[in-house]
Amino acid sequence: MDHDPILPLIIQRLVTMDPDPVLPLIIQRLEEIDGSGSALQQEEDQPPNDQAVEDATREKQNYDGVENDFMVYFQLYKNVVMLEWEKTKLAFDQDPTAKTAGITFWRDTALHVAVRRTAPIQFVRNLMTAMSKEDVETRDKGEATALHCAAVVGYTEAAKILVEKNPRLTQLRDSDNETPLHWAADYAKKSTARYLLSVTRDEHPSPFTGEIGATLLSYLIDADFYDLAIDLLRSFPSLALERDKDGFTGLHRLALKPRAFLSGSQFGCFQRLLYKCTSLKKAEARRREDIENPASNIGCCLEEPRKFGYLQHVYKTKLMHEQALKLTTLLCKESVKDIKLMDDNFFATPILTAAKMGIREIVLQILLTYPEALWDQRDDDERNIFHLAVLYRKEQVYNLVYQMNSEKHLVISRKDMFEDNILHLAGKLEPSNRIPGAALQMQRELQWFKEVENIVRPSFKERKNKAGKTPREVFTEEHKELVVKGEEWMKSTASSCTVVAALVVTVVFAAAFTLPGGINSNGTPVYLHDLSFLVFTVSNALGLFASSTSVLMFLGILTSRYSEEDFLRALPMRLCIGLITLFLSIAFMLAAFSCSIHLVLVHRLKWVATPIILIAGIPVTLFGFLQFPLLVEIVSSTFGPSIFRPQGKEVIC
């Protein structure tokens, strides 16, 4: 059998054990050749056609080229990987063409390999010292330079010395027409992107204009580098109107990132408190310093102030929200400076997408900048932003209706292509379940329906759509399954809690007749005048009352009719009272137990009584942690402030 040109590659891979793009080629070749040589035999049996001969010739030429390059420069590749500079230098001295030769399957040079592997900076510096400016510009199979490689891995130090060696590297583009700056942004390497943004020049063909410039802006937004995007947009305002390679504007890219804004983020009570108390003054001062001297303050904006753990996370989140809002404002202002250059539907996609995502900031800023968007922009189903806010249950966007003048009635009175008015949409089931628990979700659905019912014209309540259904009929049909799930969830929760509450009732009731220390011959308790006995008696009585109340509340849940309206207040209120009294009953029961232990052991084994009393507090704490999130959710949804309220002073229309 003839010598197979892929075998030297196999030998090389076994020696270096280094993953390389040539590995799939080896596997494919090995699959074609089995141990019996059946593949070769089949090829011999079948007469070759012209196309097969041409393909085989081309394949052999490719393999020969790969084999020759690898066999000639295999030792050089190994020296670079092992960081052996003296041997590498000797290879350069013996063969000057080795400096720019492709030594991997992707035609990477020694400099490409060293930078991509983040070799020590001194090794990279030595390589560039041995190379000329033209040598540093050598490209791989994808037309990428070593600076592209530095951008991918975030090797900022290597990027600096590469640019010092040859400033033209920042302007060279790969086969996709992207500069190293694009690569750094696309791969979310912020320090490298910040540096390259400061040294990449606006010269023809500029990487900051047209589609390629808009693509860079999109990469920065996708990577959450909003401060860099702001700097880019301030330098090149025309990018606000440009579309990237996917046809998206910067504003549309922002509308796809709800977590970049406060309205799209989900915070708990403690998180909201920390968020409000966090100051961004130091970050703003540091940002101004970065703008004045970008090359020496690489990527440090998010590191200040130096906080740890959860506090640092909240700080970074608030900073991201602030920067995203500034970028949104800047994009909107720059977009309307020359309305003639805007597409007819320029704001349509961003504002409708933001309404679906619940990003109030983007919707508000677009309406403040271009009020006509409220009337002009509708989706394919003829739904405006308030229709979408109701359909997707985005209260942050819906609450903008409170900041409108009398024209809001005209906006919410419009129908979609299915003759559904806004109340029909409120009757539909939310596409995505954001509320934990079927019962709580049903409560929130009822709250939405009642809210929209209060703002529409009375005639809308009985008006039918194309399917011949009123809003109430739509609501009943859409939520039929959710009512069943809510009933099951309520009953299972009530059943579990009833067992615990009944057990507590039994324990505290029995404890009332088995007093610690017993009674005297005259029928009075032994520890009648002891303070601990008084605490025991009061705790036991309160535990009995609380557990009895809890049992009654859960029984009320189990025997409920489970109509739609019951999920609005009756069932959640009973569940709230039941959980609160159950928690109190357990706490009182353990308090009574602790007092009993104290009375019995304090005179004999005092050192034993104290640890037991302390340990008795653990079950109460665990129960509180386990049930507290659910309890807060129910109390907030049932008795807390309404989610439907004005959230700003701006009048948008």
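**Exercise 1. Find the residues that V124 touches, then place V124 in its core.**

Start with V124 in this predicted model. Setting aside neighbours within four places in sequence, list what V124 is in contact with: L111, A114, V115, A119, Y155, A158 and I161.

Next, zoom out to the largest nonpolar core, which has 145 residues. Within this core, L111 and V124 are the residues with the most contacts. Helix 26 (residues 438-455) supplies the largest share of the core, nine residues.

Finally, look for a second core. A separate one of seven residues turns up, and Y527, F533, A592 and L599 are among its members.

**Exercise 2. Work out how helix 29 and helix 30 are arranged: roughly parallel or roughly antiparallel?**

Take helix 29 (residues 531-558) and helix 30 (residues 570-601); their axes come within 7 Å. Now read the crossing angle, which is roughly 155°. Angles over 145 degrees count as roughly antiparallel, so helix 29 and helix 30 are roughly antiparallel to each other.

For the handedness, follow helix 29 past helix 30: the crossing is left-handed. Then sort the residues of the contact between helix 29 and helix 30, which gives 19 nonpolar, 13 polar and one charged.

**Exercise 3. Describe the protein chain as a whole: how many helices and strands does the chain have?**

Count the secondary structure first: the protein chain has 32 helices and zero strands. Then turn to burial, where 47% of the 653 residues are buried.

Last, consider contacts between residues at least 6 apart in sequence. Of these, 75% join residues at least 24 apart.

Notes: Residues are numbered from 1 along each chain as its sequence is written. This is a predicted model: local features need pLDDT of at least 70, side-chain atom pairs count only at pLDDT 80 or more; totals for chains, interfaces and linings use all residues. Side-chain values use heavy atoms; hydrogens and water are left out. Axes are lines fitted to C-alpha atoms, for helices over the stretch in contact, and angles run from 0 to 180 degrees between N-to-C directions. Helices (H or I, at least four residues) and strands (E, at least two) are DSSP runs, numbered from the N terminus. Angles under 35 degrees count as roughly parallel, over 145 as roughly antiparallel, 65 to 115 as roughly perpendicular and the rest as oblique. A crossing is left-handed if the near helix is turned anticlockwise from the far one by less than a right angle, and right-handed if clockwise. Ala, Val, Leu, Ile, Met, Phe, Trp, Tyr, Cys and Pro count as nonpolar, Asp, Glu, Lys and Arg as charged, and the others, Gly among them, as polar. A nonpolar core is a set of buried Ala, Val, Leu, Ile, Met, Phe, Trp, Tyr and Cys residues joined through side-chain atoms within 4.5 Å. Buried means under 20% relative accessible area, exposed over 50%, partly exposed in between (1.4 Å probe, protein chains only). Contact means heavy atoms within 4.5 Å.
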